[in-house]
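Here is a friendly note to read with the model open beside you. The points are numbered, and you can take them one at a time.

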Amino acid sequence: MRAITLDPGQMSARLELEIRDDVSDGQGGVVTGFSVLTSLWARIEPVSSGHGERAGEQVFAVTHRIWIRFRDDLAAGMRFRRGLRIFAVRAFRDPDETGRYLVCDCTEEGR
């Protein structure tokens with residue numbers, strides 16, 4: 001497999017990596033929340049978009065490929081935030097198995 005060459009200048013989006021942080025609601029349930037794990041530089045590539053109807057309302061989905069430097073603590077269920085934009089991590093992979101980068105398949109939530 002050939003090593004991928006990526007210009008570091010293409011990683012121009014400053015994102016916050018967030019981890020799920022559930023809190024007890026005091027009545028036996030939980031309130032789902034997220035807390036910031038770290039800030040990092042990334043490259044965001046839009047991949048596809050689609051729309052449909054769910055429960056009588058128009059919904060849409062935008063998928064992105066987000067490139068970051070390799071880290072071993074990434075997990076599905078985490079998310080990236082850029083201002084008001086939220087990108088949920090669905091899957092990720094090391095594209096050339098060199099331990100330099102991770103490519104994250106993400107879905108943009110709400111807008």
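1. P8 is a good place to begin. Its relative accessibility is 48%, so P8 counts as partly exposed. P8 belongs to the segment before β1, a strand that covers residues 13–20. If you want a partner to look for on screen, try W41: P8 and W41 are 33 residues apart along the chain, and their C-alpha atoms are separated by 9.4 Å. Please keep in mind throughout that this is a predicted model.

2. Now the overall layout. The protein has eight strands and zero helices, which gives the pattern β-β-β-β-β-β-β-β when read along the sequence. Along the principal axes, the C-alpha atoms fill a box of roughly 50 × 35 × 25 Å. Among contacts with a separation of 6 or more, 50% come from residues 24 or more positions apart.

3. A word on surface and charge. The protein has 111 residues, of which 29% count as buried. About 7200 Å² is exposed, and carbon and sulfur atoms supply 49% of that area. There are 16 positive and 17 negative charges, and the mean positions of the two sets lie 6 Å apart.

4. H64 deserves a closer look. This histidine sits in strand β5, which runs over residues 57–69. Is H64 buried or exposed? H64 counts as buried, because its relative accessibility is 5%, and the cut-off for buried is under 20%. Leaving out residues up to four places away in sequence, H64 touches I44, E45, P46, V47, R85, F87, C104, D105, C106 and E108. With one of these, E108, there is a polar contact between side chains, at 3.0 Å.

5. That leads straight to E108, a residue of strand β8. E108 counts as buried because its relative accessibility is 4%. Which side chains make polar contacts with the side chain of E108? One is that of H64, at 3.0 Å, and another is that of R85, at 2.8 Å. Beyond its neighbours within four places in sequence, E108 is in contact with V62, H64, R85, I86 and F87. For a sense of distance, E108 and I68 are 40 residues apart in sequence, and their C-alpha atoms are 17 Å apart in space.

6. Next along is T107, also placed in strand β8. T107 has a relative accessibility of 17%, so this threonine counts as buried. The side chains of T107 and R90 are joined by a polar contact of 3.5 Å. Apart from neighbours within four places in sequence, T107 is in contact with V62, T63, I86, F87, A88 and R90. V62 is thus on the contact list of T107 and on that of E108, and I86 and F87 also appear for T107 and for E108.

7. You may well wonder about the cysteines. How many disulfides does the count come to? The count is zero. A disulfide is a covalent bond between the sulfur atoms of two cysteines. For C104, the closest cysteine sulfur is in C106, at 5.2 Å, which is too far for a bond. Starting from C106, the closest cysteine sulfur is in C104, again 5.2 Å away and too far for a bond; the cut-off is 2.5 Å. C104 counts as buried because its relative accessibility is 0%. C106 is buried too, with a relative accessible area of 2%. Both C104 and C106 are among the residues that H64 touches.

8. Finally, a backbone detail to check. What is unusual about the phi of E97, which is not a glycine? E97 has a positive phi, of about 60 degrees. Most residues other than glycine have a negative phi. E97 is placed in the loop between β7 (85–93) and β8 (101–109). With a relative accessibility of 63%, E97 counts as exposed, because the cut-off for exposed is over 50%.

Terms used. Residues are numbered from 1 along each chain as its sequence is written. This is a predicted model: local features need pLDDT of at least 70, side-chain atom pairs count only at pLDDT 80 or more; totals for chains, interfaces and linings use all residues. Side-chain values use heavy atoms; hydrogens and water are left out. Helices (H or I, at least four residues) and strands (E, at least two) are DSSP runs, numbered from the N terminus. Buried means under 20% relative accessible area, exposed over 50%, partly exposed in between (1.4 Å probe, protein chains only). A polar contact is a pair of N or O atoms within 3.5 Å; within protein, one must be able to donate a hydrogen and the other to accept it, and residues adjacent in sequence count only if both atoms are side-chain atoms. Contact means heavy atoms within 4.5 Å. Accessible areas come from the Shrake-Rupley method with a 1.4 Å probe; for residues, only the protein chains shown count as cover. Lys and Arg count as positive and Asp and Glu as negative; His and the chain ends are not counted. The place of a charge is taken as NZ of Lys, CZ of Arg, CG of Asp or CD of Glu.
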